[in-house]
Amino acid sequence: MEHSNRESWRALPAAQQPDWPDRAALRSTVSALSAAPPLVFARECDTLLDRLGEVARGEAFLLQGGDCAETLDSVSAESVRNKLEVLLQMAAVLTYAAAVPVVKVGRLAGQYAKPRSQPTETRDGVTLPSYRGDAVNGLDFTTRSRTPDPARLQRVYHASAATLNLLRALTAGGHADLDQVHEWNRDFVALSPACRRYERLADEIDRALGFIRACGMNTSTLRTTEVFASHEALLLDYESALVRTDPDTGRRYALSGHMLWIGERTRQLDGAHVAFASEVSNPIGVKLGPDADPDDVRALIDLLDPHRTPGRLTFISRMGRGRVRDRLHGLVEAVRGTGADVVWACDPMHGNTFTAPSGHKTRRFDDILDEITGFFEVHRALGTHPGGVHVELTGEDVTECVGGGSEVCSDHLHLRYETACDPRLNRGQSMDLAFRVAEWYSAEKRRLTPPRPEPATHHPEAVPTRADYVPSLA
Ligand SMILES: O=C[C@H](O)[C@H](O)COP(=O)(O)O
Ligand SMILES: C=C(OP(=O)(O)O)C(=O)O
Ligand SMILES: [Mn+2]
């Protein structure tokens, strides 16, 4: 990207920024972060850009997932490992089903800031600022906890560094070994109430791995993998403090994560978030809700991907199951007309949230699946690539979304409702989702494969007789 208007975003309105009471403390935190080492490396962002270019061209599939809101207290070896494992398990199933590489991008190591529908929350007549993520304030409903505190930005930086460090160690150190990941998948299938349904696919993967080994192929490349980090670029003070110029190329990168996205509430064309993203070279995502129109997407492409770099832009559609079939079609058509090679991803979570009678924010597994199905149908009708999925999930057995193979119902929500913001798929529901998407691919393959001609069978009456080739005398 060209950055002639470096930092032009500072003059533009920025939605959803916290009201930091202590501006001097904010300035000192920002200046400390500006001097700190970056969290990721520019070349890694370029690698992800290449991978997303493959997704945009239909040669790979994107799996982006993780918490709605990471919390500082939940950064433990176990929780990071569990999240990584569920992403790897889903990716193994999806790689086999889609028969293309799966690009794995976590919503992690930086997903600490939340846009909110309401600036304040009232409980029992007491009104306090809404929780905006651990980067800003605390979830506890007290004045002290809900007051935005800039010192949290530094804690987020260190927590993200620790998460990335572990992620890199696990992915490079053998924890991503495909045979092992497949064993975890076999365990999931064995224990799943939908065991019979998923067994056939798991057996097919078994045979494929057996074939690779039998051919004596070197499976060492299957022991390590790439997992990238992404988060919503919401807090521009934090993000801009971690922008660095790459000494080799002179290009600027937001080095708080590999990929950043702009949320549905901050994608104003004349707003600071879009301008900020236009000034850095990372792969950029933009959420598109049901009100996005073709002019919006064309303008976003001109602002964020003026050079039409494949994979630079990922449009993350989050329409809701009832509207995806109707709203997405026109947007995909509009993008096609621009010549941009964007990634289309489906976020089936944010358009399907509702409040259960118990007061918990939740989502139904079947609605999530239906939105993904609608997303695939739209792309099938247009002949475009349904590039991937973007989901809120966790590796823990929480009870936040209802449905799925183990049938979490609304009466169970209180049992392990642990999210700080939106309801996540638990480990089993995430795997259910991967297997169900895989089933969609299998059905699609059957649909597209013309039936083979029946093998010739021997019918005595069909055997030509002399009369068939001796011209009739008649
Ligand atoms: O991802 C998060 C939520 O969807 C977003 O913060 C809005 O949530 P709210 O409507 O509870 O504020
Ligand atoms: C806030 C989020 O999504 P959206 O911007 O699509 O509402 C999110 O991804 O957590
Ligand atoms: Mn969310």
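Which residue stands opposite Leu 260 in β8? The residue is His 231, and in this predicted model that pairing is a convenient place to begin, since it leads to the strand β5 and its surroundings.

## A strand covered on both faces

Strand β5 covers residues 227–232, and six of its six residues are buried, so the strand is largely enclosed by the rest of the structure. In a regular strand the side chains alternate between the two faces of the sheet. In β5 both faces are covered, with Val 227, Ala 229 and His 231 buried on one side, and Phe 228, Ser 230 and Glu 232 buried on the other. Strand β2, residues 102–107, pairs with β5 in the parallel sense over four bridges, and in this pairing Gly 106 has Ala 229 as its bridge partner. Strand β8, residues 259–262, also pairs with β5 in the parallel sense, over three bridges.

## Two ligands and their shells

Glu 232, which is one of the buried residues of β5, also belongs to the surroundings of ligand 2. The other residues around ligand 2 are Cys 68, Pro 115, Gly 263, Glu 264, Arg 265, Lys 287, Arg 318, His 350 and Asp 422, and the shell as a whole divides into two nonpolar, two polar and six charged residues. Ligand 1 is surrounded by Cys 68, Lys 114, Pro 115, Arg 116, Ser 117, His 350, Cys 421 and Asp 422, a shell made up of three nonpolar, two polar and three charged residues. Cys 68, Pro 115, His 350 and Asp 422 therefore appear in both lists, by the criterion that a residue's C-beta atom lies within 6 Å of the ligand.

## Two helices

The table sets out two helices of the model, each with its span from the first C-alpha to the last.

| Helix | Residues | Length | Span | Expected span |
|---|---|---|---|---|
| α11 | 324–336 | 13 residues | 18 Å | 18 Å |
| α13 | 427–448 | 22 residues | 32 Å | 32 Å |

In helix α11 the buried residues are Val 324, Arg 327, Leu 328, Leu 331, Val 332 and Val 335. Seen down the helix axis, these buried residues fall within an arc of 125°, so they line one face of α11. They pack against β9 (284–288), α10 (294–304), β10 (313–317), β11 (343–346) and α12 (365–382).

The buried residues of helix α13 include Arg 427, Gln 429, Met 431, Leu 433, Phe 435 and Val 437, and the buried residues of this helix pack against α3 (77–98), α6 (178–191), α7 (195–214), α12 and β14 (388–392).

## Three residues in loops

Gly 289 lies in the loop between β9 and α10, and with 19 C-beta neighbours inside 10 Å it counts as partly exposed, because the cut-off for a buried residue is 20 or more. Leaving aside residues up to four places away in sequence, Gly 289 touches Glu 264, Arg 318, Met 319 and Gly 351. Glu 264 and Arg 318 are also among the residues that surround ligand 2.

Ala 99 and Ala 109 can be read side by side. Ala 99, found in the loop between α3 and β2, has a positive phi of about 55° although it is not a glycine. Ala 109, found in the loop between β2 and β3 (120–123), has a positive phi of about 60° and is likewise not a glycine. Is each of them buried or exposed? Ala 99 has 10 C-beta neighbours inside 10 Å and so counts as exposed, whereas Ala 109 has 31 and so counts as buried.

Definitions and conventions. Residues numbered from 1 in each chain as written. Chains lettered and ligands numbered in written order. Predicted model: local features only at pLDDT ≥ 70, side-chain atom pairs only at ≥ 80, totals over all residues. Nonpolar A, V, L, I, M, F, W, Y, C, P; charged D, E, K, R; others polar. Helix = DSSP H or I, 4+ residues; strand = E, 2+ residues; numbered from the N terminus. Expected span 1.5 Å × (residues − 1). Buried ≥ 20, exposed ≤ 12 C-beta atoms within 10 Å, placed from the backbone. Arc of directions from axis to C-beta. Contact = placed C-beta atoms within 7 Å. Pairing = 2+ DSSP bridges.
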